[in-house]
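Welcome! Let's take a friendly walk through this structure, starting with how some of its helices pack and then turning to what lies inside.

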Amino acid sequence: MTVYAIENTLRPLNALPAVPQDSQSSQDSQSPQDSQSPQDSQSPRAPLAVSLTFEELARCPLATEEIRELLMRSRDGHFCKAELRRCGIVGAVSMPSKSGKHEPLCFSYFLRREFVLFCCDAGKIERMLERLSLRQDWASPDSGELLCSVLFSLIDGDLLALEALDTRIEKLENAVLCGQIEAFNREMPALRKRLTALQRFYSQLIDAGQKLIESGERFLDADALMLMRLLCERCMRLREEAQALREYAMQVREEYQAQIDLKQNRVMQILTVVTVVFMPLTLIAGWFGMNLKMPEFEWDYGYPMVIGLSVVVVALCMLICKKKKFW
């Protein structure tokens with residue numbers, strides 16, 4: 001469990017301080033832990049940010065039975081959501097891998113004005129809060145602004161990631177136009193799957209953010225709501241970019257299919273030419289191969305005549321095919 005005090009920056013705490021009581025909440029009364037340091041007691045009313053695992057959630061004094069039940073219920077959901085409850089805001093985030101080489105980032109959160117809990121078994125939220133503590137500076141510290149900062153960090157650099165995907169799709173398109181289509185079926189489905197997952201992720205973030213903007217005034221102040229609006233706008237732009245790349249990928253897929261069809265047409269064209277050339281030869285071979293006594297058998301020039309006829313037929317067929325631009 002990692003605890004931070006949300007001040008002008010995230011200040012690490014050695015232990016969980018006494019929990020400020022809210023008259024509107026149904027939280028049980030809590031007492032300070034024995035390991036509370038003097039530094040922790042200097043700002044007991046600063047909002048708290050707590051990163052913990054689901055196993056540690058059962059021992060967290062900030063979480064009531066209702067909060068634990070809400071967080072555990074959203075543990076296995078591979079989607080982004082935000083729900084307003086009487087006791088606070090509960091939600092979950094499932095961010096797909098942008099590089100395709102890592103597992104999706106999944107965590108649940110619970111927010112009140114006094115604190116925000118982040119539950120993640122992978123420990124990625126803890127590292128994210130550590131990075132925020134080194135670079136983030138708030139003019140008005142608040143748990144809602146911290147949640148917005150965490151959500152902003154999830155999409156930080158996504159535009160560059162989408163540009164990298166655009167570059168990969170463009171390389172695949174150039175390879176297809178050059179006839180190098182061997183690696184297409186291996187790379188393009190993975191790219192389309194990743195773009196679909198990112199587009200779904202942005203849509204879910206927008207839906208969760210709009211829900212908080214519409215009815216989250218009880219737990220989010222004006223600055224947090226403004227940041228949530230900015231988050232939704234940025235996610236909308238990213239979703240549009242992902243959608244455009246997905247359509248681009250579909251166009252490249254159509255170009256690939258056109259190249260496959262063109263290659264098949266060339267093969268069928270060659271087979272057609274071969275068939276056209278050998279059908280008359282087959283007729284000649286069948287005619288002169290009959291087990292009958294034919295006049296040509298007794299003619300000294302019968303066999304050379306058949307050879308000459310075959311050569312003339314082949315040359316005539318090739319001339320016709322050339323004139324018709326079969327190749």
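## Helices side by side

The axes of helix α5 (residues 158-177) and helix α7 come within 10 Å of each other and cross at roughly 10°. Here axes are lines fitted to C-alpha atoms, for helices over the stretch in contact, and angles run from 0 to 180 degrees between N-to-C directions. The helices themselves (H or I, at least four residues) are DSSP runs, numbered from the N terminus. α5 and α7 are therefore roughly parallel to each other; angles under 35 degrees count as roughly parallel, and those over 145 as roughly antiparallel. Residues making this contact (heavy atoms within 4.5 Å) include L162, I169 and V176 of α5 and L245, Y248 and V252 of α7.

This is a predicted model, in which local features need pLDDT of at least 70, side-chain atom pairs count only at pLDDT 80 or more, and totals for chains, interfaces and linings use all residues. Residues are numbered from 1 along each chain as its sequence is written, and side-chain values use heavy atoms, with hydrogens and water left out.

Two more pairings involve helix α6 (residues 184-215).

| Helix pair | Axes | Angle |
|---|---|---|
| α6 and α7 | within 8 Å | roughly 155° |
| α5 and α6 | 11 Å apart | about 150° |

The angle makes α5 roughly antiparallel to α6. Among the residues in that contact are L165 and L172 of α5, with L191 and L198 of α6. α6 and α7 are therefore roughly antiparallel too.

## Inside the model

Which helix gives the most to the largest nonpolar core? This core has 62 residues, and F107, F118, L129, L146, L154, L162 and F201 have the most contacts inside it. Helix α7 (residues 222-288) gives the most, with 14 residues. A nonpolar core is a set of buried Ala, Val, Leu, Ile, Met, Phe, Trp, Tyr and Cys residues joined through side-chain atoms within 4.5 Å, where buried means under 20% relative accessible area (1.4 Å probe, protein chains only).

Not counting residues up to four places away in sequence, L129 touches Y4, L10, S51, F118, L146 and V150. Apart from the largest core lies another, of 22 residues, including A46, L48, L62 and L70.

## How confident is the model?

The predictor's confidence in each residue is its pLDDT, from 0 to 100. Its mean for the chain is 81, and 87% of the residues reach 70 or more. Over residues 20-44, pLDDT stays under 50, and the model has 40 contacts beyond four places in sequence for them. Where pLDDT is low, the predicted coordinates should not be read in detail.

Key:
Buried < 20%, exposed > 50% of the residue type's maximum accessible area, 1.4 Å probe, protein only. Parallel < 35°, antiparallel > 145°, perpendicular 65-115°, else oblique.
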